[in-house]
Amino acid sequence: MHSTPRDPHRVVTAPPVRTDAGPRVPGTHSGPVRAGWGLAVLLLAVALVTGVRLALAAAHLQVMGLPEYLALIPIVAGALLPLRQTLIVGVANLGAAIVVYGILPPDMSSTSRATVITALAAALLVGLAVCRARVAGERRLKRLMIARERLAFLSEANSRVGSTLDVARTAEELADVAVQRFADHAAVDLFDPVLQGEEPAPGPHRGPITLRRAARRSVAAALAGTAPPGGAVTYRQGSVPAVSLMTGEPVRGQFTDAAEDGGRPAGPGGAGGQAPHCALAVPLRARGVTLGAALFTRSPHRDAFDADDVLLAQEIAARAAVCVDNARRYTRERNTSVALQKSLLPQVVPKQPAVEAATRYIPADFGVGVGGDWYDVIPLSGARVALVVGDVVGHGVHASATMGRLRAAVRALADIDLPPDELLTHLDDVVIRRQAETARTQGADAEVGEVVATCLYMVYDPISRGCTAARAGHPPPAVVRPGAGADYLDVPAGPPLGVGGLPFETADVHLPEGSLLALYTDGLVESPHHHLDEGLRRLLKALSEPMSSLEDTCDHVLDMLVDDCRRDDVALVVARTQALDSTHAVAWELSEDLFEVARARDLAALQLAGWGLKEMAFTAEVVVSELVTNAIRYGRSPVQLRLIRHDTLICEVSDGTNTAPHLRRARTFDEGGRGLFIVAQLAERWGTRQRPEGKTIWAELALPPAPAPAPL
């Protein structure tokens, strides 16, 4: 790095290239054209007046006022022409007067002749003075107009550049502002890490430099063949942009093609048959880091960039660089937030015997930030499944972190098989405790209701085909039954999570096999462009249109309802219900007699033989024996044994008491207390769930691996 201080007004100029710029565009330099006509007219007037005076002298006639006309010509020239042409007209006028009045008229006295010549000489001096005053005034007025135009241009650039926190859009705004009013062609090139929200490598940058074209704008007659936005641009060492990036200073020069020739100054006549363009490269630096470069070019018919243009470009580039860096930092923070949000959501929806599910999550628009929407598909005991969708009010990392807490709490509460209404009650307590923690952390000024969330929790049983649902301030789920249209389930609306003090109610519905369920957050149906009711109607219409797969259904719903400008994130779960018939589940009623334990073992063994699972008979008999023994010894009727076969073998024993058993380690000489310990060792998972009429103890056993196919 260079340690010498930089002069902010220093400009590095590329070596000039002498080229024939070709003919000027007509009408682009109208000032010299008008001055040439004025000079010709005034010289013609001098010749005409002189000829008239000579003709009168030859005829011995005298006309009063001709000297006054001759005296007016230099003054008119001074008011109309440049200084040099005014001097030419005045000298020609004075010379003609000396010839006419100093030699030819014999009847004119010497005093009169001297007076006329002196008056014309004075008129010449007056014309020159008028010309100098006029030129000085015009220059001063031109400078004022240019300064005013540049101030207006700078004000427009400050108001238009940086309107969003998108890096590419900010680069486009800089190019849009610069074209026409400042340059014929503008390109903004950034280092690849900047577009991804990362910080580029520190300089100085030497050798060939590769950047990514973020924006390009040009008038119709500007450079052709330049790299399109999104393409890579490599600047060779010594080119105008490369020198600018290496030195960190603006660089002026001439070249033909910035993309293919890397910005190298053009040779005589220009490269590729194009006339050379005046170029100005300004590095985009913010907080001591070079983010890229802005490249401006002008066509030959326009004036080259001067020192004032360089200062103006530096001002605009400095403003744009800060905006690009702000957008870069926001992109990095947003990417971090989105990564956090997605890491807190299910990465893969596991295969379920109860439903076939597809999910989607779409973050909010770029300038809004991530929200707190989440979803989950939770496997439950008895081949059941829980479908969950929730929304934390607000945006940002705080909402994402709260969402992660609530999703973890829902999973923990679902593992103990709480009914939907009780689960939402416990989840409401979690949110209220979170509010209290926030109030203690932020002080007495913190809002009590800062953490507010909504949730929809549904449990579906593929054996009974029953669905139990409860919601806390969340939109109702949609359902499409086979052979029927789409509709919303009538689930009682509970208060949002965090309000407290109000109960939640459940709704029990029967869903035929093949029913389509849609759970969603409010970002799907709410939009600034339409009312909530309109969004709900559009959702039913989208679900009513049959699709080949659930993935296509999700895409179709999002295409119909999600706008390009999303003010909220969207979570969507689409599930198709499945059923387990008697070939997958069987149940037996048992009496309160310990002799039923042997019968239960026999029933299980026979059923496993019918399912082709004889190798699991011993393990299953041990688990069934222990569970049935506990139910008969410590429970009461009715006692039921149920076996479910799908991806695993599930053994369930139900009885009429609500007392849940607890796993304990029996001592050496204890006669009991080893039953659940044996079950826990043999099963992959086991647990207890409460029912309105009692409890159920269940254990899952892994199925044996499928036999390998016989070799051909």
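Proline 638 lies in the loop between α15 (617-634) and β20. In this predicted model, the peptide bond that joins serine 637 to proline 638 is cis. Its omega is about 0°.

Two further loop residues stand out by their backbone angles. Arginine 287 sits in the loop between β6 (277-286) and β7 (289-298). Its phi is near 55°, a positive value in a residue other than glycine. Aspartate 417 occupies the loop between α9 (397-415) and α10. Here phi is near 60°, again positive in a residue other than glycine. Aspartate 417 has a relative accessible area of 9%. Buried means under 20%, so aspartate 417 counts as buried.

The protein chain as a whole contains 16 helices and 23 strands. It has 712 residues, of which 47% count as buried. Contacts between residues at least 6 apart in sequence were also examined. Of these, 69% join residues at least 24 apart.

Two cysteines were assessed for accessibility. Cysteine 323 is buried, at 8% relative accessible area. Cysteine 554 is buried too, with a relative accessibility of 0%. The disulfide count for the model is zero. A disulfide would require a pair of cysteine sulfur atoms within 2.5 Å.

Alanine 168 belongs to helix α5, which spans residues 167-178. Its relative accessible area is 30%. This value falls between the 20% and 50% limits, so alanine 168 is partly exposed. Valine 194 is 26 residues away from alanine 168 along the chain. The C-alpha atoms of the two residues are 9.8 Å apart.

Threonine 521 is placed in the loop between β17 (516-520) and α11 (522-525). It is buried, with a relative accessible area of 0%. Its side chain reaches the backbone nitrogen of alanine 571 at 3.0 Å. Setting aside residues up to four places away in sequence, threonine 521 touches Asp373, Val389, Gly390, Asp391 and His474. Asp569, Val570 and Ala571 are also among its contacts. Alanine 571 therefore appears both as a contact of threonine 521 and as the partner of its side chain, given that contact means heavy atoms within 4.5 Å.

Lysine 695 is part of strand β23, residues 694-702. Its relative accessibility is 4%, and it counts as buried. The side chain of lysine 695 makes a polar contact of 2.9 Å with the side chain of aspartate 655. It also reaches the backbone oxygen of threonine 659, at 3.1 Å. Beyond residues up to four places away in sequence, lysine 695 touches Val653, Ser654, Asp655, Thr657, Asn658, Thr659, Ala660 and Pro661, among others. Thr688, Arg689 and Gln690 are further contacts of lysine 695.

The second largest pocket has a volume of about 770 Å³. It is lined by 30 residues. Closest to its centre are Arg384, Arg689, Gln690, Arg691 and Pro692. Several elements give two or more residues to the lining. They are helix α10 (420-442) and strands β11 (453-461), β12 (466-472), β16 (507-510), β20 (639-645), β21 (648-655) and β22 (685-691). By class, the lining holds twelve nonpolar, seven polar and eleven charged residues. Arg689 and Gln690 link this pocket to the strand residue described above: both are among the residues closest to the pocket centre, and both touch lysine 695.

Key:
Residues are numbered from 1 along each chain as its sequence is written. This is a predicted model: local features need pLDDT of at least 70, side-chain atom pairs count only at pLDDT 80 or more; totals for chains, interfaces and linings use all residues. Side-chain values use heavy atoms; hydrogens and water are left out. Buried means under 20% relative accessible area, exposed over 50%, partly exposed in between (1.4 Å probe, protein chains only). Helices (H or I, at least four residues) and strands (E, at least two) are DSSP runs, numbered from the N terminus. A polar contact is a pair of N or O atoms within 3.5 Å; within protein, one must be able to donate a hydrogen and the other to accept it, and residues adjacent in sequence count only if both atoms are side-chain atoms. On a 1 Å grid over the protein atoms alone, a cavity is a set of points where a 1.4 Å probe fits but cannot get out, and a pocket is an open set with protein on both sides within 12 Å along at least five of seven lines; lining residues have an atom within 4 Å of a point. Grid points are joined across faces, edges and corners, and a volume is the space filled by probe spheres set on the points. Ala, Val, Leu, Ile, Met, Phe, Trp, Tyr, Cys and Pro count as nonpolar, Asp, Glu, Lys and Arg as charged, and the others, Gly among them, as polar.
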